[in-house]
Structures are given as C-alpha cells and as structure tokens.
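I opened a fresh notebook page for this one, to look up cores, rings and metals in turn. Here is the structure I had on screen.

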Amino acid sequence: MMNISVQLCGLVFDLVLVFFIVRHEGVGLYGERIFKKCLFVYSCCIILDILSVIAIENDEYIAPFVIAAACKMYLISLMASAAYGFVYSYSDIEHLRDNSHFKYGITGVAIIGAVLIAVLPVSYFHSGRTIYSYGPSAMAAFVFAPLFIISSFLMTVFYGKQMNTHKRRAIRAWMILEMTAATLQFIFPQALLVGFGSSLGLFILYSELENPEAYLDKVTGCFSAETFKMYVSQEYMEVKQFSSIIVCNSREWKLGEEEERRILVEMTEYLHSFGSKLFRIHGNDFVLIYDKKEEHEMNEIESAVNLDVIRQRFKEPWGGHFLTTKFLYIPDSHIASSLDEYNDIYSRYRDTFTNAEDMKTLDDSAGQSIREFRQMILEIKDALSTDRVEVFYQPIYSIATDTFVSAEALARIRGEDGKLVMPGKFIPVAEETGLIEQIGERVFERTCECIKEHRLKEIGIEYVEVNLSVSQCENPMLSTTYDEIMKSRGVTPSEVNLEITESSTLNQRNILLENMNKLMDLGCRFSLDDFGTGESNLNYIMDMPVNIVKFDRSMVQEYFNNDKAKVVITNTVNMIKQLGLKTVAEGVETEEQVEGIKALGIDYIQGFYYSKPLSTDDFIRFINEKNSR
Ligand code: C2E
Ligand code: MG
Ligand code: MG
C-alpha cells in the first residue's frame, strides 16, 4: 500500500483546508471562489488517483477497461487541476478575466487535452508495491498539465506588477512545487507525487492569501477596509447592484484606546446581526452591504428597514457613551460606476451633516454631482495647461471723481466650445482641490500683464483688485511668488489691491497676517471682500490691515429691502469711515440703488448698473470712452 500513502497525506491536507474554509463566512471575492473550485478539483484528483491505484492493484478482479477508465479519469482530473491553477493565477488581472476569447481559448485547450487523454491508449504497471500508469494517454496528461503550470508561472512574470507581492510569490511557490512533483513522477513513475505536491501548493496559497482571516479587520473581526475595496470593485466590475448603509462614527471619540476598542467590538457584534456583509472602513466607520440576490428581490427595502432599527439603537449609549453617529444610505449602488466614485461620494458626503441631521440618503443626484465635480477638475487642469484661464475686468466707479478708478479682475474659463465657464461653477471645485492657487496665480500674472501692456494708470485706473483665496493666503510662499510676478511684469505693488476674505481659524488668520505684512512691506494694499456675508464682523476689520471694505451684493440688497438692516448698515458704514477706511458697494444694479448708495456715503460702486465684467479689449474700450468724457 506504499503507493497511496502519499496521496492520503495530500487528501488530509485538502480536508483540513475544507474544514477551515467552511468554518468562516467568505466575502465572495472572485479569487476566493476560484480557490474553492481549485480545492474541489484537486481533492477529486487525489481521490481518483487513489481509486486508480486501488483498481490497478486489484487487476486480477477488475476488468481492464474499468482500470483504464479509472486511470484516464485520474489523468484528466490532473490536467484539470493544473488548468484551474492557471485560472486562479490570472484572477486578479481584469482584462484577462473579462476577456471571453481568452477564456474560450483556455477551455478549448483543456478540452483537447481531455479528449486526447480519453481516446489515447493507457497502460499500467503493477509489480509488487510499484504501481503506475503510462503510455500515450499518460503522456498527453504530462504534456498538457505542465503547459498550464508553466503558463501560470509565466503569468507571475509578465503580469506580476498587477498582482500583489504575496500572490505573486505564493503562485510561484505553488507552481514550482507542482512542476518538481510532476518531473519527479515523470522520471520515477512509481513515485506518485503530483497530487501531494499540488495539495502542499494549495496549502501555501491558503496560508498566504486565501486564509479567511486575512480578509478580516484585526480589531473587530468584521471584514477589513482592504477587503471592502476588493469586494466593491468586484461588484462594480461584475455590474452587480447592492445597497449600502455607511455608519459614520466621529473621527475622534477621545475615550481612550481600550474603551474605543470595546465600543467597536460591541458595535460590530450588533451590526453583524443584520445578516449583511459588514466591513470596517476608514477609522471607526462601518459599511453594511446588501447584495441583490435575485433579479426581483428588493434589497433596498431590507436595508431601509434595518437602517431605521440601527438608527434607533445608535440613539442609545455605547459602553455608557452617547456618540454622535451619522448614517449615509445608498439604496442603489448604481449611483456610482466604480469603487473610486463610490469612495468619492462617501468622502464628500461624510462630513456634510448638520448637527440636527443623522442620516442622508444618496441618490442619483449625488452620483451626478460627483461626476460633474470630477469632470470640472479635469476641465480646470486642462484649462490651466492649455492657457484657457481668462481674466475679465469689472469697472469700479468712484463717486468722488465721477470716473472709473479701478476694476476687479475676475477669473473665467474659456470652454473648448468657446463658451465661458463662470467662477460659480469652477471656483468651489478649485478651492476644494487646491487648484485655486494655480488659478489665482494665473489671474494675477494676466492682470499684471494687462496693467503694464495697456498702461491702465494712464487711462485713470489707479489699481486693479485681485482676489486671493484662503489657501493662497495660507501659503508661506505667497509674498515671494507675487513679488516675482510683479517684478517680472514691471508692475509696482501700488497698482494692485489684493482682496482677502475672512478666514475662519485663528491659525489661518495668523499666517494670513504674516503674508499681508510681507506684501505690505513691498507696497501692496488690501481690501476685505464679501463683507456682510457669513460671520464677518467689525472686529475682523479692526484686526486686519485692510484699506478698503467691500460690501457684498446681499448686504446692498438688504439695505434697500429691510428697514432694520438699513439702520445697521448706515451705522456700520459710518464706523468704517471713522476708522479711515474706504468702502465699495458691490452688486448695484439700478439707478435707484446708485442714488441710495451715494446718499449712504459709500466711496465706490461696482455693479451691473455701470458694467458687467468685461474682456480685456472691451474693458479698455469702456474705460477710454467713460473716463475721457
Ligand atoms: P467677488 O470677488 O465678490 O466678485 C464679485 C462678483 O459679483 C462677480 O461675480 C461679479 O460679476 C458679481 N457682480 C458684480 N456686480 C454685480 C451686479 O450688479 N449684479 C450681480 N448679480 N452680480 C454682480 P463672478 O465674476 O461670477 O465671481 C464670483 C466669485 O468668484 C467672486 O466673487 C470671487 O469670490 C470668485 N472669484 C472670481 N475670480 C476669482 C479669482 O481669480 N480668484 C479667486 N480666489 N476667486 C475668484
Ligand atoms: Mg472679489
Ligand atoms: Mg465680493
């Protein structure tokens, strides 16, 4: 019985693997599914190996054609296991996995191999304890199986970069083991090592990659963030629909490591009871995923019902602590088309809850706005690189001189179709992504060029207002960069006025002040933009070394529509004047408003009543005409 002891060892290995795999719930990843199939085929192969040896050993009782059939079945399963190993080896390489020609090709080769093994004659040898099969049929198996084994190995060579290091290494070890076992068995046919070698290879693969523990989060025992990425990207690749509940816990509980750990474990146990797939993603956030099982099954309803129950539970304390957990609910995964988009939606909406809100349902419009957002990022980058960022100038009228003494430089993007994209569309995106710094610089460069080239001073424009974004104000290089731009264009700092807006944090304010001081040393001056919006207050004006305060359009409208606001604004203007600062009213559209603003004692007016923002040529024409009257 020497010949089957090795196979029995292999079979024990396989059974141990089956035991471990059955004990854990799987995620359902493609690689994991193929691995299970491999395990099944490999186990069949070993069992058939054992059966064929038993059949040969008892050749005096069993008909030769039955023995031949058993041998051939074993040889076919041997080749099939090598073929499955090959399928596993490219399971992460998307373009091969989804290529039906490639799949048909492999299936075709495997079928040819199986047919050859089945029709070619097989012989077997039995003398004492030495038992093996040989002949043309066995030869075919020993040609086709190595073909798949070598191909798997080559996969790790040519596509190694698309596999993770573990996978690459594990597949190589597995294939080398199989190849060595097959070569030894080919040279010494009585040593039936192939089955054992393969099982050992599977074992390596299991411990390195397919061990269900590897998919779990170490703290909570639910699926890990890494598994989430693999799973969701697979769902999108296979165009499956799922609904999901994202449990957004505060980033900082500040309860101490041990206590937080206990709460996370308690939450995991609770959330696990909802029968969906549970992942711990980013920080303390969890995601519950409800797969659509059947075509007409409504996973949205199941998840919505569960969400209500979960929300109620989260109103209660966890480990004695009340937590301010928020929920993002995505009934239909199709609002995104990839893992990246899904993650974008998650990170964009995660922090937009108001205090009163604890839940947000994200539908198609969320997906749409993410796509527009991404599209806009591309558009801005392209506009910057192909020089499609333009500057328009809105004239600013001085009541004292009855002429236009300045203008505000306003960014525009010239679309590929020639149409203008307005700041309302791209400035928020640029601010969120940091691209605003490049836009701001570009606008400043163009403005300086315009000041110099068109000799704005000579036509009465004393200075041009240029907007500074908050992130520019936080950049310690701001003064150096702007100084260089002005010097290289031959513009003196008094010809520009930089517009700042109120910054929210003290830290931002301190950096802004440093920057302002450096720029003022050069000779630049500042305006406070958007006064009257947000939290702007008079304290800010006193703290910041600005020369001009610009009243926002909304404040100007309030002045004409609300009697109480009129009193407040009148007093505010007086106070600002007493501080020795100049004032600009923005958004003045009618003659009646112009008269009102004049009576209020404001210094300058900027508004559609005089002019909309104009392209450089139109602006020069406008100023030449108006200022020469
Ligand atoms: P802002 O700096 O307060 O600029 C004034 C905005 O009010 C301009 O809008 C202007 O067209 C508009 N406006 C002026 N008068 C009237 C009026 O009578 N009626 C109405 N309805 N609107 C009027 P625009 O050009 O669309 O710019 C919007 C905002 O985008 C700007 O507000 C500014 O915050 C930002 N922005 C524009 N260019 C830049 C830039 O180069 N850098 C930075 N950081 N922000 C910019
Ligand atoms: Mg402005
Ligand atoms: Mg403004």
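**Entry 1: ring pairs.** Before counting, I fixed my rule: rings of Phe, Tyr and Trp (its six-membered ring) pair if their centres lie within 6.5 Å, and planes under 30 degrees apart count as stacked, over 60 as edge-to-face and the rest as tilted. I also noted that this is a predicted model. With that rule, I found 33 aromatic pairs in the structure.

I picked out Phe13 and Phe196, a tilted pair with 5.9 Å centre to centre and 40 degrees between the planes. This pair joins distant parts of the chain, since Phe13 is in helix α1 (residues 2-23) and Phe196 in helix α8 (residues 194-210), 183 residues apart. Are these two rings buried or exposed? Neither, as I read it: Phe13 is partly exposed at 24% relative accessibility, and Phe196 is partly exposed at 22%.

Next I looked at Phe314 and Trp318, also a tilted pair, with 4.9 Å centre to centre and 50 degrees between the planes. Here Phe314 is buried with a relative accessible area of 4%, and Trp318 is buried with 1%.

I then followed ring pairs through a cluster made of Phe223, Phe228, Tyr231, Tyr236, Phe242, Phe279 and Tyr342.

**Entry 2: charges over rings.** I noted Arg313 over the face of Tyr270, 5.8 Å from the ring centre. I also have the charged end of Arg348 over the ring of Phe373, 4.1 Å from its centre.

**Entry 3: nonpolar cores.** How many residues does the largest nonpolar core have? I get 76, and those with the most contacts inside it are Ile380, Phe444, Leu456, Ile500, Phe551 and Phe619. Helix α15 (residues 436-453) gives the largest share of this core, seven residues. Another core, of 59 residues, lies apart from it and includes Ile4, Leu11, Ile117 and Ala138.

I zoomed in on Leu456: leaving out residues up to four places away in sequence, Leu456 touches Cys450, Ile451, Ile461, Val464, Phe619 and Ile620.

**Entry 4: the metal site.** Which residues are the protein donors of the magnesium ion (ligand 3)? I listed Asp529 (OD), Asp530 (OD) and Glu586 (OE), lying 2.1 to 2.7 Å from the ion. Their spacing in sequence is D-D-x55-E. The magnesium ion (ligand 2) is 3.9 Å from the magnesium ion (ligand 3), and Asp529 coordinates both.

Asp529 lies in strand β13 (residues 525-531) and Glu586 in strand β15 (residues 582-586), so this pair ties together parts 57 residues apart in sequence. I checked burial too: Asp529 is buried with a relative accessible area of 9%, and Glu586 counts as buried at 11% relative accessibility.

Methods
Residues numbered from 1 in each chain as written. Chains lettered and ligands numbered in written order. Predicted model: local features only at pLDDT ≥ 70, side-chain atom pairs only at ≥ 80, totals over all residues. Heavy atoms only, no water. Core = buried A, V, L, I, M, F, W, Y, C linked by side-chain atoms within 4.5 Å. Buried < 20%, exposed > 50% of the residue type's maximum accessible area, 1.4 Å probe, protein only. Helix = DSSP H or I, 4+ residues; strand = E, 2+ residues; numbered from the N terminus. Contact = heavy atoms within 4.5 Å. Lys NZ or Arg CZ within 6 Å of the ring centre and 35° of its normal. Donors = N, O, S within 2.8 Å, 3.2 Å for Na, K, Ca; no water.
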